[in-house]
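Reader: I would like to learn how to read the strands and helices of this model one feature at a time. Please take me through them.

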Amino acid sequence: MNQSLKIYVVSDSIGETAERVVFATLRQFPNLNARDIKKFPFINNEEDLKELLEDALVEKAILITTLVDEKLNRLVRQFVKANDLEHIDYLSPLMNIISDKTGETPISESGALHRLDEDYFNRMSAIEFAVKYDDGKSPKGFLKSDIVLLGISRTSKTPLSMYLANKSYKVSNLPLIPKVQLAPEIMEVPSEKIFGLIASPKYIMQVRSERMRMIGLNETTSYNNIEHIKDELSYAEEIFDEIGANVINVENRSIEETAQLIEDRINKL
């Protein structure tokens with residue numbers, strides 16, 4: 001029998017905690033297709049709670065709650081008992097045990113986890129920023145950045161952007177290509193935020209040739225031709241001089257090492 005399953009996830013914050021547990025549990029039932037999960041975040045008053053409880057009763061839904069307000073929890077307990085609804089409270093039992101064991105009283109503050117973990121949200125925001133403004137996708141990103149990375153192809157701009165984003169820096173990057181006009185927004189970015197990435201022509205040639213082999217191309221093209229690479233590097237160095245970029249040689253340096261050099265300079269501002 002594959003009975004339809006309805007689940008209400010109710011929280012006074014964003015409901016992420018309960019939702020993750022629900023989905024983790026449902027993965028143990030791969031053949032269960034008929035399921036309907038509804039999430040109700042930021043439920044912090046009795047009126048809204050009563051309304052969704054009535055809806056849950058109509059749909060005979062399983063009720064999953066992560067509410068810290070004892071009045072709201074009491075309302076849920078009374079309602080499910082009176083109406084014979086299935087209910088799981090993911091927070092209250094453990095909070096009660098901890099309180100009994102330690103004598104401490106819970107703060108009963110909605111969304112405390114996420115306020116305490118503000119770094120997590122800053123990091124996620126920075127990662128989204130790095131993806132959005134990778135490879136000069138939108139020049140507007142340069143003016144919003146904590147760090148702007150410039151360099152020719154294969155100077156580790158994207159992996160470096162993502163590594164720094166994981167440390168909550170908003171990073172954009174732009175590939176430098178001779179004869180392609182530089183985005184005018186770059187000229188408006190303070191030079192101390194701009195980092196120019198360089199390496200020797202031979203190193204760039206080796207990295208590009210390896211990249212071409214990985215995709216099944218072994219011949220020499222302008223992309224991995226050393227004379228062409230020298231021209232690209234010469235152009236990049238002219239740009240760096242013009243805008244006063246901080247120049248970092250990435251040759252044989254790990255992403256972590258290069259990132260640390262950038263952080264050290266940024267932290268001195």
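Author: This is a predicted model. We can begin with strand S7, where Ile194, Gly196 and Ile198 point one way and Phe195 and Leu197 point the other way, and all are buried. The strand is mostly covered, as five of its five residues are buried.

Reader: Which strands does S7 pair with, and over how many bridges?

Author: As a general idea, strands of a sheet pair through backbone hydrogen bonds, either parallel or antiparallel. Here S5 and S7 pair in the parallel sense over four bridges, and S7 and S8 also pair in the parallel sense over four bridges. Two residue pairs help to fix the register: Val148 has Ile194 of S7 as its bridge partner, and Gly196 stands opposite Val247 in S8.

Reader: What is the order of the strands in the sheet that holds S7, and which strands are at its edges?

Author: The order is S6-S5-S7-S8, in an open sheet of four strands with parallel pairing. Strand S6 (171-175) and strand S8 (246-249) are the edge strands, each pairing on one side only. From one strand to the next, the twist averages 25°.

Reader: How many bridges join S5 and S6?

Author: Strand S5 (residues 147-151) pairs with S6 over five bridges, in the parallel sense. One pair to look for is Gly151 with its bridge partner Pro175 in S6.

Reader: Which helix lies across these strands, and at what angle to S6 does it run?

Author: Helix H8 (residues 157-165) lies across S5, S6 and strand S7 (194-198), and it runs at about 175° to S6.

Reader: Are Ser172 and Asn173 buried or exposed?

Author: The cut-off needed is that buried means under 20% relative accessible area. Ser172, in strand S6, has a relative accessible area of 0%, so it is buried. Asn173 is also found in strand S6, and its relative accessible area of 0% makes it buried too.

Reader: What do these two residues touch, leaving aside neighbours within four places in sequence?

Author: Ser172 is in contact with residues including Phe129, Tyr133, Phe142 and Val148. The contacts of Asn173 include Tyr133, Asp134, Phe142, Leu149 and Ser161. With Ser161, the side chain of Asn173 makes a side-chain polar contact of 3.1 Å.

Reader: Now the other sheet. What is its strand order, and which strands have a single partner?

Author: Four strands form this open sheet in the order S2-S1-S3-S4, and the pairing is parallel. Strand S2 (35-40) and S4 stand at the edges with a single partner strand each, so one side of each has no neighbour in the sheet. The twist here averages 15° from one strand to the next. Within the sheet, strand S1 (residues 5-11) and S3 pair in the parallel sense over five bridges, and Ile7 has Ile62 of S3 as its bridge partner.

Reader: How does helix H3 lie on the strands, and what span should its residues cover?

Author: H3 lies across S3 and S4 and runs at about 165° to S3. To check a helix, compare its expected span with the distance between its ends. At 1.5 Å a residue, the 14 residues of helix H3 (residues 70-83) should span 20 Å, and the end C-alpha atoms are 20 Å apart, which agrees.

Reader: Which residues of H3 are buried, and which are exposed?

Author: The buried residues are Leu72, Asn73, Leu75, Val76, Phe79 and Val80. They cover an arc of only 160° around the axis, so they lie on the same side of H3. They pack against helix H2 (46-59), strand S3 (62-66), strand S4 (87-89) and helix H4 (92-102). On the face turned away from the buried side, H3 carries the exposed residues Lys71, Lys81 and Ala82.

Reader: What is there to see at the start of H3 and just after it?

Author: At the start, a side-chain oxygen of Asp69 comes to within 2.8 Å of the backbone nitrogen of Lys71. Just after H3, Asp84 has a positive phi of about 55°.

Reader: Where does Asn225 lie, and which backbone nitrogens does its side chain reach?

Author: Asn225 lies in the loop between helix H9 (201-214) and helix H10 (226-243). Its side chain reaches the backbone nitrogen of Glu227 at 2.9 Å, and a polar atom of that side chain lies 3.0 Å from the backbone nitrogen of His228. Asn225 is partly exposed, with a relative accessible area of 30%.

Definitions and conventions. Residues are numbered from 1 along each chain as its sequence is written. This is a predicted model: local features need pLDDT of at least 70, side-chain atom pairs count only at pLDDT 80 or more; totals for chains, interfaces and linings use all residues. Side-chain values use heavy atoms; hydrogens and water are left out. Two strands pair if DSSP finds at least two bridges between them. Axes are lines fitted to C-alpha atoms, for helices over the stretch in contact, and angles run from 0 to 180 degrees between N-to-C directions. Contact means heavy atoms within 4.5 Å. The expected span of a helix is 1.5 Å times one less than its number of residues. Buried means under 20% relative accessible area, exposed over 50%, partly exposed in between (1.4 Å probe, protein chains only). The arc is that of the directions from the helix axis to the C-beta atoms. A polar contact is a pair of N or O atoms within 3.5 Å; within protein, one must be able to donate a hydrogen and the other to accept it, and residues adjacent in sequence count only if both atoms are side-chain atoms.
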